[in-house]
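Work through the exercises below with the structure in view, and try each task before reading its solution.

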Amino acid sequence: MKRIGVLTSGGDAPGMNPAIRSIVRKAIYHGLEVYGIYQGYSGLISGNIKQLEVGSVGDIIHRGGTMLYSARCEEFKTEEGQKKGIEQLHKFGIEGLVVIGGDGSFRGAVKLSEQGIPTIGVPGTIDNDIPGTDFTIGFDTALNTVIDAIDKIRDTATSHERPFIIEVMGRDAGDLALWAGLADGAESILIPERPEDIDGVIERIYHGHKRGKKHSIIIVAEGVGSAAHVANEIKKKADLDTRVTVLGHIQRGGSPTAFDRVLASRLGAKAVDLLIDGKAGKMVGIQNNQVVYHDILDVLTKKHYIDNELIELVKELSI
């Protein structure tokens, strides 16, 4: 193998740029040419592809987002779209591909591998919802962004003696809400994996009031429902005034943390190693601080599970 490509797909995550940098420089170090595919699978289909040199990825290790940009592409889900993408890879002489993204991106990677294009997946998503890896690129940075926001909100919550409801990202996975809640001492955490009745949230608010607590922090993963809905239910059932904050896309941005930069560098380098070794249809990950890899198909057929010990710990510490 002499020439590989790299693309980012799906939602952006802090640390994608360090991963791109690692892939490009590791490949060049081993004598390979590297081509960047811009705008994900959409750019693959249209041929928005350019060769990357060592200098192309200079000064990006500290930047959030992705220099290759990202786009969702319905056309690539079709056989015709995949055929167009493969034709572009052949046109540019690209013999292997690294895809940085989440499970949707990996489904595209599987299709390419099945049609003879060796493809390796690198997990990049703030949701931390990919099986086969303890952490995904971007999760730690997003988590620290959420924690910083909650720390500031807590000051106001204390001053005004009110419950504050904070909505974070996590449509199908509650890791961001759970870890942020534990790190910031939230009284209640509502996540998709463990739905909870509003009555339990209200009970904890009252319990806090009885022991002299003046405020409560309630974290809601977006997959459970909106923070506004939770606030309305609390008002309706307990006549308690609350304040709502939706953090939104601020969670995706910002300079990646040291953890995400190191993780991205390690996973990106391993992806190149696998292509050099002739591997295809694999996903790299980190487990027990060791870089590992799995068949992408196995990853896609498994379910991400929340850490129940963390859930119990939150309950024990928020009394």
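The exercises that follow treat a strand, a serine, two loop residues and the empty spaces of the model.

This is a predicted model, in which local features need pLDDT of at least 70 and side-chain atom pairs count only at pLDDT 80 or more, while totals for chains, interfaces and linings use all residues. Residues are numbered from 1 along each chain as its sequence is written, and side-chain values use heavy atoms, with hydrogens and water left out.

**Exercise 1.** Describe the surroundings of strand β5 (residues 119-123).

Solution. Helices (H or I, at least four residues) and strands (E, at least two) are DSSP runs, numbered from the N terminus. Residues are called buried under 20% relative accessible area, exposed over 50%, and partly exposed in between (1.4 Å probe, protein chains only). Five of the five residues of β5 are buried, so the strand is largely enclosed by the rest of the structure. On one side these are Thr-119, Gly-121 and Pro-123, and on the other Ile-120 and Val-122, which leaves both faces covered.

Next come the partners, where two strands pair if DSSP finds at least two bridges between them. Strand β4 (residues 96-101) runs parallel to β5 and is joined to it by five bridges, with Val-99 having Gly-121 as its bridge partner. Between these two strands the chain passes through helix α4 (residues 103-114), in a β-α-β crossover that is right-handed (with the strands pointing away from the viewer, the path from the first strand over the helix to the second runs clockwise). Strand β10 (residues 282-287) also pairs with β5 in the parallel sense, over two bridges, and here Ile-120 has Lys-282 as its bridge partner.

**Exercise 2.** Place Ser-255 in the chain and find what it is in contact with.

Solution. Ser-255 belongs to the loop between β9 (243-246) and α9 (258-276), and it counts as partly exposed because its relative accessibility is 41%. Leaving aside neighbours within four places in sequence, Ser-255 is in contact (heavy atoms within 4.5 Å) with His-62, Gly-64, Thr-141 and Arg-261.

For the polar atoms, a polar contact is a pair of N or O atoms within 3.5 Å; within protein, one must be able to donate a hydrogen and the other to accept it, and residues adjacent in sequence count only if both atoms are side-chain atoms. The side chains of Ser-255 and Arg-261 are joined by such a contact of 2.8 Å, and a polar atom of the Ser-255 side chain lies 2.7 Å from the backbone oxygen of His-62.

**Exercise 3.** What is the sign of phi at Glu-161, and what is it at Asp-239?

Solution. Glu-161, although not a glycine, has a positive phi of about 55°, and this residue lies in the loop between α5 (139-160) and β6 (163-168). Asp-239 is not a glycine either and has a positive phi of about 55°; its place is the loop between α8 (227-238) and β9. Asp-239 counts as exposed because its relative accessibility is 56%.

**Exercise 4.** Which element gives the most to the lining of the largest pocket?

Solution. On a 1 Å grid over the protein atoms alone, a pocket is an open set of points with protein on both sides within 12 Å along at least five of seven lines, whereas a cavity is a set where a 1.4 Å probe fits but cannot get out; lining residues have an atom within 4 Å of a point. The element is α4, with seven residues.
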